[in-house]
Amino acid sequence: MKNKLYTLLFVSLFISGSALSKTVTAKSDKATKGVVVVTMSSDSEANGYEAWRAMDGDPETMWHSEWQGGGATEMPHDLIMDMGSEQELTGFIYQPRVGRDNGTIKDYEFYVCNDIKKPGKPVSKGVFKHASCTTDEKIEFSATKGRYVILRALSEIKNSKVYTSVAELKLIAKDVEFKGTAGKRVATGLKKSHAIVPPVSEPDVAYNVLAADIKNVGRFKRYKTETFNESSSILDTDKDPLDIILRRTRALLDDIKGMKKAPELKKEEEALAQFEAEAEKTAVGDAEKRKQLFTAVHVLRREIAFKNPLLDFDKLLFIKRQRSRFNHMCDQYYGEFAVPGGGVFVLSDPFGDEPEEKNILTDLAVEKGRLKGTKLETGGFLSPELSYDGKTIYFAYVECTGDKGHITHLRHGEDGHWHRGRCYHIFKVNVDGSGLEQLTDGTWNEFDPCPLPNGRIAFISERRGGYLRCGRECPSYTVYDMKPDGSDIRMMSPHENNEWHPSVTHDGMILYTRWDYVDRHGCTAHHPWIMTPDGRDSRAMHGNFSIKNKRADMEMDLRSIPGSHKISGTAAPHHGQAYGSLIIYDPSIPDDDAMAPVKRITPDIAFPESQGGRQVYGTPWPLSENYYLCVYDSSMRAGGGRQGQKHKPGNYGIYIVDAFGNKVLVYRDPEVASLSPMPLRARKKPPVVPEKSERLAKNPSKEGTMAVMNVYDSLKEWPEGTEIKALRIYQTYSMAVPSGRPPHETGRRIAEAGDSVNLARRIIGTVPVEEDGSAYFKVPALREVYFQALDKDGLAIQSMRSATWVQPGEMLTCQGCHEPKAKAIVPPKKVAIALKRKPSIPKPEADGTNPFSYPRLVQPVLDKKCVGCHTEHNKKLAAKTIKGKQAPLLDREIVKSRNLRGTQVYRSYDNLINLAFWSYGDSYRTIPGKFGAKASKLYQMLEKGHHDVKLTEEEMRRITVWLDSCSNFYGVYSKEGGEAQLRGEIAMPTLE
């Protein structure tokens, strides 16, 4: 009984408030003329559907009375507004919720008064005549003055008399705009008003979430085989939230008891046993008593969780920031969309009775860099990281000053694309509050600093230049590194698209997320990649051919788990931000393009976008396979935070999340999201992987070498009788202009990437493949390349739809063509033939392949062998000397393409493209022998002998090279270069 009383006393203290439970108060908006901030409250509201959402200017959000966990209350329901001072109103507009009619008001009363306890008679009452899901209701009345407004819902159109919802409520006053903000619930003087309910407490939130989970038991069953620990699911024995929390708390306690250095938990175990016995005696129908038990167990669980031996640190590092104003995996990290506010914080004694927070940057001025003497007070923060000795904090900061506009030009690597004040730059500060220094600067966004075991700092930067290829002015960013003082910045990854969140594995490798996007679907592959700390041997770990609806769109914030070979991360959306569901990845399990190597830590949240989940969890820091520091916001709705929607600041708090399904709050600031928690302590430094390239030399080599041991070692079977004679080496070009309105399409967009500008590319050349399938050759350094395997006729049989590169002086070795990752390499019985000689120097292809140019590659063949015959045929048809169909014109006349969105091309191209190659037939992989020239109608026509046209070997090669290369017209992105190519001139790319 003593333990039970102690726990219930703790519950009372927890609900009433603590040092970490802040009150949200109304903020004045004096700077905005004509705007009145209205403090909103209600007598009933659901978590995530609070009163202030009825006046936030966003009809996609709403106030909704409580429904979660059986907490619905009978009508009437009151929406209460405090305008702060007397205002003269002449009416209001009621906007029902979008898409459904639950809670749509039918009968109403509307009050305007100066005494909330004595509201008097309603200034308007009646029935919303046209209340529906699509109709706004405007109500006008005689001018009435008052400070308070009450909208009372008496009934709803479905006549259930339970729910009330308001998408938007607009108060009508001359020259005044009203904006809602959260406030404490207040009592009115209206009769039959409900009892005042205290603000939703953490136990209430947990209860409501579990009640909703029970209703969605089908999802848990669907993900049963993908769930890391069964306890985090909803089981058939779970009758209500009390059953779930008791079961999961027992799993937590038993696990901690079995740990090394396990604490004494006798008192807690006795208390839990009492609660279990009490629950056994309490009928499920006694909802009130069982909810009281739930609340007590919730507090006991917190006591148990905080005794975890893994929480052996006394300080927690984190940042505060709002979510980005633009919801997209790329744009979320542009300083242009940062929201000012927040800081770099330390929480002392985070698991004790009196934790204390401190902004480590308070009163500090920058000591080095352009912002020397400036305090970092007015901007936004991102991506903190701690040095291995635990003494230095690295982070990114944007000033949020200067022109917000994007600057478009072709000097990407020289001038960047943003005002300096709108870019994230990397800073460092000592934990003791000294040595605040700016490490990077310029017109590039730079963030995600990552200390490396070799002493350098990896980070993400826009310095390489280029844009994404699907939709707007969206610069790409990739992995770079620098010395700890910000000098000697070097490119590690020349990848033509975006990369995120580098971290270091236990064996000293760089783990990061990469958007792999060569000739395939743009939303397919954003998964783990790994490379050495000097940028060598970049390889996909898994998921590079994942099937969209079977996996998450993205796996972000990847980190190695202490004491394990596994990796944790966040399953996040493509058209959203880096939040979603927590996952664990096992590299030892072979990839199946689905979920074989991946398990769900949090099966309560489906993957956002690909499976309709919510952006709830984020920035996990693994403590073990079973325990994570992370952030959590239960109020994020399905579809919320998607691209195109309005800004959601996020109500993320710091939690301890475990594999058993428990979520225990450590800290939350209700005014701004808390993100990226990590222990503030020294950690073991991984081993230093030796530098094996010349990249840091004063005059590094401009090339490296690559060796393929056996091209026939492949995941996909080769066509019977295939004999590979050569590899064709391509270089991809980064998009040099914004993709929203490119000057021209490079070619017909391949079917698998219809929303994306087709890659511009060049052919570096071809190299021989020996009879044992080996090849050894030179390639330019720091140029992104991919390969095609060619048969004896020079036709491509297989093609990469990914890319790689070498560092200066690097020798990169591959086993085969996308060989199985988990299969052990069988040592060859003898040295590969190609390695017995010097590396091959690529042999150039025909004019018009470097860079690609249809006018120089293909049109000369048509001019010589096709144009005359087709023209003569059509003349004879016109003269009626022959019968038949008109032959397509294959001349150089410039037309606006029917197939390239109006891009100017030669008439021959527009007439041939539908006979060419532009669809792989598979969004993920290349099927050997079923793409390129071999899959095109044009090649089949020519091979059979089209009207006795006889092409020379070189002429046929020109046609087949074009077909094997996605049948592009242009090889450059810029307007000037495209115009030059249209004239038949050579135009080199502006960005390599």
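P851 sits in the loop between β40 (811–814) and α8 (854–857), and it's a good place to start looking around this predicted model. The peptide bond that joins N850 to P851 is cis, with omega at about -5 degrees. That's worth a glance on screen, because most peptide bonds are trans.

While we're on backbone geometry, there are two residues to pick out for their phi angles. Most residues other than glycine have a negative phi. D363 has a positive one, near 70 degrees. You'll find D363 in the loop between β12 (356–359) and β13, and with a relative accessible area of 58% it counts as exposed, since the cut-off for that is over 50%. E609 also has a positive phi, near 70 degrees. Look for E609 in the loop between β28 (598–600) and β29.

Now zoom out to the whole chain. The protein has 14 helices and 42 strands. Its radius of gyration is 32 Å, close to the 30 Å that the globule rule gives for 992 residues, so the protein is as compact as a globular protein of that length. Laid along its principal axes, the C-alpha trace covers about 95 × 75 × 60 Å. Of the 992 residues, 60% are buried. Take the contacts with a separation of 6 or more, and 69% of them are between residues 24 or more positions apart. As for the outside, the protein exposes about 40,000 Å², with 51% of that supplied by carbon and sulfur atoms.

Next, the holes inside. Searching the whole structure turns up 8 cavities of 30 Å³ or more. The largest cavity has a volume of about 380 Å³. Its lining is made up of 26 residues, and those nearest the centre are S383, D448, D557, T619 and S676. The elements that put two or more residues into that lining are β13 (380–386), β17 (446–451), β21 (499–504), β25 (554–560), β29 (617–622) and β33 (674–679). You've already met two of those strands: the loop with D363 runs between β12 and β13, and the loop with E609 runs between β28 and β29. By residue type, the lining of the largest cavity splits into 14 nonpolar, 7 polar and 5 charged.

The second largest cavity holds about 130 Å³ of space. It's lined by 14 residues, and A206, V209, L210, R301 and K663 are the ones nearest its centre. Here the elements to look for are helices: α2 (202–215) and α4 (241–257) each give at least two residues to the lining. The largest share, 5 residues, belongs to α2. This lining breaks down into 8 nonpolar, 2 polar and 4 charged residues.

Follow the chain back from α2 and you reach S201, in the loop between β9 (177–182) and α2. S201 has a relative accessibility of 7%, which means it counts as buried, the limit being under 20%. S201 and N47 are 154 residues apart in sequence, yet their C-alpha atoms are 9.9 Å apart in space.

Another strand from the largest cavity leads to D441. That residue lies in the loop between β16 (437–438) and β17, and β17 is one of the strands that contribute to the cavity lining. Set aside the neighbours within four places in sequence, and D441 contacts R370, R420, H425, E446 and R463. Take R420 from that list: it is 21 residues from D441 along the chain, with 7.4 Å between the two C-alpha atoms.

Last stop, F931, in the loop between α11 (907–912) and α12 (937–944). Is F931 buried or exposed? Its relative accessible area is 0%, so F931 is buried. Not counting residues up to four places away in sequence, F931 touches Q788, A796, I797, Q798, S799, F917, Y920, T926 and D964. If you'd like a sense of distance across the model, try F931 and E399: they are 532 residues apart along the chain, and 49 Å separates their C-alpha atoms.

Terms used:
Residues are numbered from 1 along each chain as its sequence is written. This is a predicted model: local features need pLDDT of at least 70, side-chain atom pairs count only at pLDDT 80 or more; totals for chains, interfaces and linings use all residues. Side-chain values use heavy atoms; hydrogens and water are left out. On a 1 Å grid over the protein atoms alone, a cavity is a set of points where a 1.4 Å probe fits but cannot get out, and a pocket is an open set with protein on both sides within 12 Å along at least five of seven lines; lining residues have an atom within 4 Å of a point. Grid points are joined across faces, edges and corners, and a volume is the space filled by probe spheres set on the points. Helices (H or I, at least four residues) and strands (E, at least two) are DSSP runs, numbered from the N terminus. Ala, Val, Leu, Ile, Met, Phe, Trp, Tyr, Cys and Pro count as nonpolar, Asp, Glu, Lys and Arg as charged, and the others, Gly among them, as polar. Buried means under 20% relative accessible area, exposed over 50%, partly exposed in between (1.4 Å probe, protein chains only). The radius of gyration is taken over C-alpha atoms; the globule rule is 2.2 Å times the number of residues to the power 0.38. Contact means heavy atoms within 4.5 Å. Accessible areas come from the Shrake-Rupley method with a 1.4 Å probe; for residues, only the protein chains shown count as cover.
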